[in-house]
Amino acid sequence: MTLDQIIQVWVAVGTWVSSIGTIAAVITALYMVKRVENVHLSVQVGLMHIVIGDGSPFQEHMGINVTNLGERPVTINSVGWAIGKGKKRSFAIQPLYSPHSAHYPIELAYGKSANFLVSFDLYPDWIKEFATGFVKDLSDKSLKTLVAQVHTSVGKTVEVHPRKDLLDALKLSICK
């Protein structure tokens, strides 16, 4: 092989390597753009206690805590509930009953949180009315389908199952 042929082989190899590098850069850029566009929320649903700090007793609430873990701001339009599967699935929007609650709509920047609360001091029968009026069937099979929903302004709905403390309170509410 002559020197000219060796140089031509290395030019071809260089072209192939640069092509592969360009394709990898485009794929990485598309992945990064898609990742930034995604809504990423952390949501916890359960019973919460608020300590005022003025010597008054704890205030018990049903709470939905939402934290934005995505890189773009997210606007929360409402929170609600769903239960059941398929055509038998029911939906409800949760009104907020607490002076300590965030209100809709609320924009959350990266790392910011909002608590959507129902105060049992202001609405003491919420658990019983929710259990009998919306959930209705408090069997374990039915409660496994109960989810809280967080609705965003971009049409994304995040669903999360409530914690055990809220599920236990729902079961106990019909015993009272």
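**View 1. Meet W126, a buried tryptophan.** In this predicted model, W126 counts as buried because its relative accessible area is 4%, and buried means under 20%. W81 passes the test too: its relative accessible area is 1%, so W81 is also buried.

**View 2. Here the rings of W81 and W126 form a pair.** How many aromatic pairs are there? The count comes to seven. In one of them, the ring centres of W81 and W126 lie 6.3 Å apart and the planes meet at 40 degrees, so this pair is described as tilted. That label fits because planes under 30 degrees apart count as stacked and those over 60 as edge-to-face, with the rest called tilted. The two partners come from distant parts of the chain, 45 residues apart. W81 belongs to strand β3 (residues 74–83), while W126 belongs to helix α2 (residues 126–135).

**View 3. Now look at the cluster of rings around this pair.** Which residues do ring pairs link into a cluster? They are W81, F120, W126, F130 and F134. Try finding each of these five names in the sequence, then in the structure.

**View 4. Three strands build an open sheet.** The strands sit in the order β1-β2-β6, and their pairing is antiparallel. At the edges are β1 (41–50) and β6 (113–119), each of which pairs on one side only. On average, neighbouring strands in this sheet are turned by 20 degrees against each other, ignoring direction.

**View 5. A closer look shows how β1 meets β2, with a helix lying across them.** Strand β2 covers residues 59–68 and is joined to β1 by 10 bridges, the two running antiparallel. Which residue of β2 stands opposite L47? It is M62. Helix α4 (residues 164–173) lies across β1 and β2, and runs at about 55 degrees to β1.

**View 6. Stepping back, we see the whole protein.** Four helices and eight strands make up its list of elements, and along the sequence they follow the pattern α-β-β-β-β-β-β-α-α-β-β-α. The C-alpha atoms fill a box of roughly 95 × 45 × 25 Å along the principal axes. The radius of gyration is 26 Å, whereas a compact globule of 176 residues would have one near 16 Å. Of the 176 residues, 36% are buried. The protein exposes about 11,000 Å², and 61% of that area comes from carbon and sulfur atoms. Among contacts between residues at least 6 apart in sequence, 65% join residues at least 24 apart.

Key. Residues numbered from 1 in each chain as written. Predicted model: local features only at pLDDT ≥ 70, side-chain atom pairs only at ≥ 80, totals over all residues. Heavy atoms only, no water. Pairing = 2+ DSSP bridges. Axes fitted to C-alpha atoms, helices over the stretch in contact; angles between N-to-C directions. Contact = heavy atoms within 4.5 Å. Phe/Tyr/Trp six-rings, centres within 6.5 Å; stacked < 30°, edge-to-face > 60°. Buried < 20%, exposed > 50% of the residue type's maximum accessible area, 1.4 Å probe, protein only. Rg over C-alpha atoms; globule rule 2.2 N^0.38 Å. Areas by Shrake-Rupley, 256 points an atom, 1.4 Å probe, with all protein chains shown as cover.
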